[in-house]
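Colleague: Before I rely on the terms used for this model, I should like to hear the reasoning behind each of them. Might we go through them one at a time?

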Amino acid sequence: MDPLTLGALVGISTILVLFSGVSVGIGLLIVSAIFLMIFDGFGSLELMPELLFGKLDSFALLSIPMFIIMGASISSTKAGADLYEALERWLTRVPGGLVISNLGACAMFAAMSGSSPATCAAIGKMGIPEMLKRGYPPTIATGSIAAGGTLGILIPPSITMIVYGIATETSIGRLFLAGVMPGLLLVSLFMAWSIYATWKSGARKDLQQRVYSWKEKFEILPRVIPFLVIIAGVLYSMYGGIATPSETAAVGAMLCLVISIIVYKLLNPKDLWAILRDSTKESVMILFIIAAAGVFSYMLSSLFITQSIAEWISNLDINRWVLMGLINVFLLVAGFFLPPVAVILMVAPILLPVIVTAGFDPIWFAVILTINMEIGLISPPVGLNLYVINGIAPDIPLKTILIGSLPFVACMVIAIILISLFPGIATWLPEVLMGKAI
Amino acid sequence: MTNDITENLPDEVIEKPFLIRVILALSTLAGWCSASMILIAVFITCQMIFVRSVFNQSTIWQTETVIYLVIAATLIGLPFVQKVRGHVNVDLIPLLLPMRVRYFLAIFTLLISALIVAVMFWYGLEYWHIALKKNWVSDTVMEVPLWIPYSALPIGFGLFFLQLMADFFSLILKIESPFGLGDK
């Protein structure tokens, strides 16, 4: 059979299997097994455990459970509340100060947790009730947190970036740096929209502002220091040449566990087990998808599907920006249904050669891809963050949360356009700090 | 997408048969083992950075040990993650289906999952057995006998198979709802 037809058949089968409700990792193994068995013979099945083990046999993967522990331990403490309160006290006089504090807290929390749902939950628990109490419209209160939470997968450390780095053999250190400026751009766009929407809704004049004394403002600062220590520690060990991203992640995990125990008095073994249990659950889920995707990409490659699709797209002779537009639409649709990790692992091996041949920077593309995945996190039908917000604020209908999130989706699309027009937004920082990629 | 098992139990809680309870306990134990391995990996990595940067010592065993620990944690953690419904899936179609069709689809997905996991268990066992029989070792200074890390394949997939079977019988016996979705 022609590899392209075979590729289409694999694509349709994968969609059918995954939409049946089977878990993503298992689904990828099923599709791989069926096609390997039919086209490479029954004997090829015995390669599967070896391939799966081989995919996991990498030191780089260590960073995934480590950063997840870091996020889980921070999320289980009052850290989010402290961060939120500190920013609120300092930014209270800024117009729309509370929503700005929330978005700032989301960005900072994302820098520690690397997880979108965790960021949403940690800041939203405090932020949404407070914003509602002070007269902010529910759409802005919930939409801003849902969108702010998505920063978790863009601002370093980001699990999505690690997975992309592993799937495409791109430097994780560079990818992390590439996410910083676009992350700040997104926060700025989110803030600008929130201020405008608050002003336009007419709620601005009714907003109740609390005035804090200088004593109150300085009093809160020591509670934020642990965060700064973690961020500084992680950045120093990663970019100071002391440790690799995986090793840095382990240091971060250790620091966060120690801070949770000492500063936040998380001494109950049950609480510690909860951190480990949640981290294990998420890490195993992601690592299993990575391992299964390794078997899947072996199947694609051994049946010459990857090469044929890449060649076919390269021969299409269309403008590279049209190609990028089409890729974006495809990623957007995939992100509506699948978790970011699965999308990256399934499409990166096919898309990367196409991207590079079309003259795009793989680091820049990682940022574009991640923002696309962020849109999926606040769009139906999956929209994980929408459900997290719905869980925190059950009184607000899901529809209101969704309507509130839509303008932030528009902000993300604007960010994609801006980063496409000015790729330096993503590539400048890694080039300045780490030199040009070879 | 993921569902907390405790939130989606049917209203009428039926007591689980002994065998299912044993499998659930095994999966929980596997979860403990997996979590401990990840935690040990954190400590070893930190120790490695410390001895390398402070004492300028070479780090021979740490990297390899940590890699094998994370692999084992992943494979042995599979049944636990299945038990707590942590394996992410696309539940859009099941949600749209009527309860009865959803029930049959859940049976189908559990059986097909169990089948592929059984295949992985069988060939994983074979792979482990070859490594043991031929005394394969890693091509590093440590020369780790590879049957040790490879044992995670049959153990992990074997326990994962049992957990899928426990889920299957829980569904048949109406202890659990299809896809853990309740009456949504």
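Modeller: Certainly. Two residues are in contact when heavy atoms of theirs lie within 4.5 Å. Please bear in mind throughout that this is a predicted model.

Colleague: Which residues does A:N385 touch, not counting those up to four places away in sequence?

Modeller: By that criterion A:N385 touches A:S116, A:P117 and A:C120, together with A:A146, A:G149 and A:T150, and also A:L377 and A:I378. A:N385 itself lies in helix α19 of chain A, which covers residues 384-392.

Colleague: Why is A:N385 called buried?

Modeller: The term buried applies under 20% relative accessible area. A:N385 has a relative accessibility of 0%, and therefore it counts as buried.

Colleague: How many residues of chain B are in contact with chain A?

Modeller: On the chain B side there are 55 residues, in contact with 52 residues of chain A. The area buried between the two chains is about 4,800 Å², and carbon and sulfur atoms give 84% of that area.

Colleague: What makes the pair B:R52 and A:E247 a salt bridge?

Modeller: The rule asks for a side-chain nitrogen of Lys or Arg within 4 Å of a carboxyl oxygen of Asp or Glu. The side chains of B:R52 and A:E247 meet at 2.8 Å, N to O, so the pair satisfies the cut-off of 4 Å. The count between chain B and chain A is one salt bridge. Across this interface there are also three residue pairs in polar contact.

Colleague: Which helix supplies the largest share of the side of chain B that touches chain A?

Modeller: That is α1(B), with 14 residues. By class, this side of chain B has 41 nonpolar, 12 polar and two charged residues.

Colleague: What is the secondary structure of chain B?

Modeller: Chain B has six helices and zero strands, and the pattern along its sequence is α-α-α-α-α-α.

Colleague: Why is chain B described as more spread out than a compact globule?

Modeller: For 184 residues the globule rule gives 16 Å, whereas the radius of gyration of chain B is 20 Å; this is well over the rule, so chain B is more spread out than a compact globule. The C-alpha trace of chain B spans about 65 × 40 × 30 Å along its principal axes.

Colleague: How much of chain B counts as buried?

Modeller: Of its 184 residues, 52% count as buried. Among contacts in chain B between residues at least 6 apart in sequence, 78% join residues at least 24 apart.

Methods
Residues numbered from 1 in each chain as written. Chains lettered and ligands numbered in written order. Predicted model: local features only at pLDDT ≥ 70, side-chain atom pairs only at ≥ 80, totals over all residues. Heavy atoms only, no water. Helix = DSSP H or I, 4+ residues; strand = E, 2+ residues; numbered from the N terminus. Buried < 20%, exposed > 50% of the residue type's maximum accessible area, 1.4 Å probe, protein only. Buried area = accessible area lost by both parts, 1.4 Å probe. Polar contact = N/O pair within 3.5 Å; in protein donor to acceptor, adjacent residues only side chain to side chain. Nonpolar A, V, L, I, M, F, W, Y, C, P; charged D, E, K, R; others polar. Rg over C-alpha atoms; globule rule 2.2 N^0.38 Å.
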